[in-house]
Amino acid sequence: MDLERSYRPEVDGLRAVAVILVLLYHAGYAAFPGGFVGVDVFFVISGYLITRLLLVQMDAGTFSFARFYGRRVRRLAPALIATVVLTLLAACFIYSVGAMERLALEVYPVLLGIANFRFSISADYFSPEASQFTFLHTWSLAVEEQYYLFTPLITLLVYRLFSMRGLLIGACLIGLASFAAYLIVVKDDPTIAFYWPFFRIWEFVLGGVLVFFPLRYRWPIWLQQLAAAIGMALVVGSGVLLSAKEGGAGALLALPCIGACLVIVCSGETWIGKVLASRAFVVTGLISYSLYLVHWPIIMLFMRARQTGELLSDDRIPALFLSFVMAVIVYFAVEKRHRSAPGNRLSLGRFSAVTAAIVAVVFLVGLSINRGDGWSWRIVSQYAVAEDGYGLCRDKIDCVISETGETSLVLAGDSHAKHLAEGLALVSDRFEAKALTSLACDLTGAFEPRAAWLEKCYSLRMLFAAHLAATPDAKIVYAQRWRAYGTLNEMAAALQEFLEKHRTRKTLIIGQLHEVGDHQSLCGSVSDYIYDARLCEKPLSTANADSYNAALEKVVNAFPNATLIRPQKALCPDGICRGTIGKEPVFVDSQHISAFAARRLFENEVIPWLSK
């Protein structure tokens, strides 16, 4: 079988259908709630093409690991690196300080090919929080890269040991095991089932086994026509009828994959095949990789520029049009250039060296962004750039601020305590202050930590108990996002039990911070040409905090050793809360305060309490 003469344009056409489904889904078109299945179709196509390539070369005795991996790197790396670089450049003009820092942190796993593992920890693909991640879509590229990494070796070993029949049987067994594991795991941990490669292998295997069964050569044309039509109906119908819940939670995800198999096997001489082989579909299929890479960053740039959590309906067509334009540019200027005739390319060694050097530079740029506070020098604003309130204790759960003797002041709690750590520096000459904090961790012990923070939270609880036992005279400043744990009554009961345990210890409870919309949290962290600075002066409601603070106050008043302070007293001059105080931003995001605000809260409320 001559691989060059066996080019099938209808397969490129199927790629076009897959990428269009994904684009329509990501753009927010309600008619395509299952458009994410386009990625599953891509996996089937990849399994088919890679298996065919491997078997042809192995059968001819021309297979080479170096050549195989060299082709994969040339195929994937240039366009990916170009997309990352172009996105970083565009983000410099649009992204806030915090968003730029988060973007830089995404660069490392994306370029290392482990984005799927990174996002399995922090990003449910179907949740609103997914819109925080500019390179979220590269999880599927990482799965493909991991598939390419191990498939050639396994295929070659099984092929040589057991011949073609053994390879087919082995592939079917692996595919069945993968699908069965997916069905089991998706019930308890759909995020892992979605992102991890073993639970996706069955999709690649479905495409791969098609190479062994060229059914279109044995089926009558009418049956091929019917099968191809059914296949296309399953692919497009899944994009229209499946929901995220259904698509990520069971056997229904097999429908678009089976549909893709039917189209690949049967479409050659059918009217479906002729439509897919038409110029418009083939061209879109040829640029589908570049199009897939650039479309989500472009959508994210639109959202950041508008300061919204989703793509506005008026921006959908411009975003998709720009995606196609950029895809064409990246395809011809980068992707096709490195897939052209060998005479026009660098040798594998030189290409690898150049690629590694560029990746190293991008890594250093990412490090510079993180160390440089999201490149805050980019921001042109009438307001100061908000300093991250985590400051001194950013990456620590056990953070010593000063060492003047025995620990005499402990700041404890979740991230709403951690963002106050900057204030401890103001009292470091009088107290040996220590911050014991971890994100999403309730130290009252009444509420179970979230799975992602389980280990750190349990460690922090043990540290907290040990410190208090060792320092019976230490004062406690306790803060957390009270409204994040249980109901109002459950939260009040948890605080009461906590204070009962510490009746003899002087304790300051920091009440519930009022939380703000994204706009008010961006004061000073986005340039004025993007951000409407008038929103910084808009009065903010404290309704989301008042009921919790009333309940907290009722509990605290029953304990003579305890005092409650409401953050609003320090952060809302003249009783009016705003996004800024003077020219200083109060917030760094929708629920955490800046270093300036942390110091102000300490100066106005905590230090007077310590002096009593």
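Q: What makes His-416 or Leu-601 a lining residue of the largest cavity?
A: A lining residue has an atom within 4 Å of a cavity point, and a cavity is a set of points on a 1 Å grid over the protein atoms alone where a 1.4 Å probe fits but cannot get out. His-416 and Leu-601 meet that rule, and so do His-419, Leu-420, Ala-479, Gln-480, Ile-510, Gly-511, Leu-513, Pro-567, Leu-571, Ile-593 and the rest of the lining.

Q: What model are we looking at, and which residues count in it?
A: It's a predicted model, where local features need pLDDT of at least 70 and side-chain atom pairs count only at pLDDT 80 or more, while totals for chains, interfaces and linings use all residues. Residues are numbered from 1 along each chain as its sequence is written, and side-chain values use heavy atoms, with hydrogens and water left out.

Q: How many cavities does a search of the whole structure find, and what is the volume of the largest?
A: There is one cavity of 30 Å³ or more, with a volume of about 70 Å³. That volume is the space filled by probe spheres set on the points, which are joined across faces, edges and corners.

Q: Why is the link of Cys-393 and Cys-399 called a disulfide?
A: A disulfide is a pair of cysteine sulfur atoms within 2.5 Å. Here the S to S distance is 2.1 Å, so the pair qualifies. The link is left-handed, with -75° about the S-S bond.

Q: What makes Cys-393 and Cys-399 buried rather than exposed?
A: Buried means under 20% relative accessible area, exposed over 50%, partly exposed in between (1.4 Å probe, protein chains only). Cys-393 comes in at 0% and Cys-399 at 2%, so both are buried.

Q: How do you know that Cys-523 and Cys-536 are joined, and what does the pair tie together?
A: Their sulfurs are 2.1 Å apart, which makes a disulfide, and it is left-handed at -120° about the S-S bond. Both cysteines lie in the loop between strand S5 (507–510) and helix H21 (543–556), so the pair ties together parts that are 13 residues apart in sequence. Helices (H or I, at least four residues) and strands (E, at least two) are DSSP runs, numbered from the N terminus. Cys-523 is buried at 1%, as is Cys-536 at 0%.

Q: Which hand does the link of Cys-572 and Cys-577 have?
A: It is right-handed, with 90° about the S-S bond, and the sulfur atoms are 1.8 Å apart. Cys-572 and Cys-577 are buried.

Q: What is the disulfide count, and what is the pairing in sequence order?
A: The count comes to four, paired 1-2, 3-4, 5-6, 7-8 among the bonded cysteines.

Q: Why does Cys-257 have no bond to Cys-261?
A: The sulfur of Cys-261 is the closest cysteine sulfur to that of Cys-257, but at 7.2 Å it is too far for a bond. Cys-257 is buried all the same, at 0%.

Q: What is odd about phi of Ser-163 and Asp-373?
A: Most residues other than glycine have a negative phi. Ser-163 has a positive value near 65°, and it sits in helix H6. Asp-373 has a positive phi of about 50°, in the loop between helix H16 (348–371) and strand S1 (398–400).

Q: Why are Ser-163 and Asp-373 put in their accessibility class?
A: Ser-163 has a relative accessible area of 40%, so it is partly exposed. Asp-373, at 41%, is partly exposed too.

Methods. 1 Å grid on protein atoms, 1.4 Å probe; cavity = no way out; pocket = protein on both sides within 12 Å on 5 of 7 lines; lining within 4 Å.
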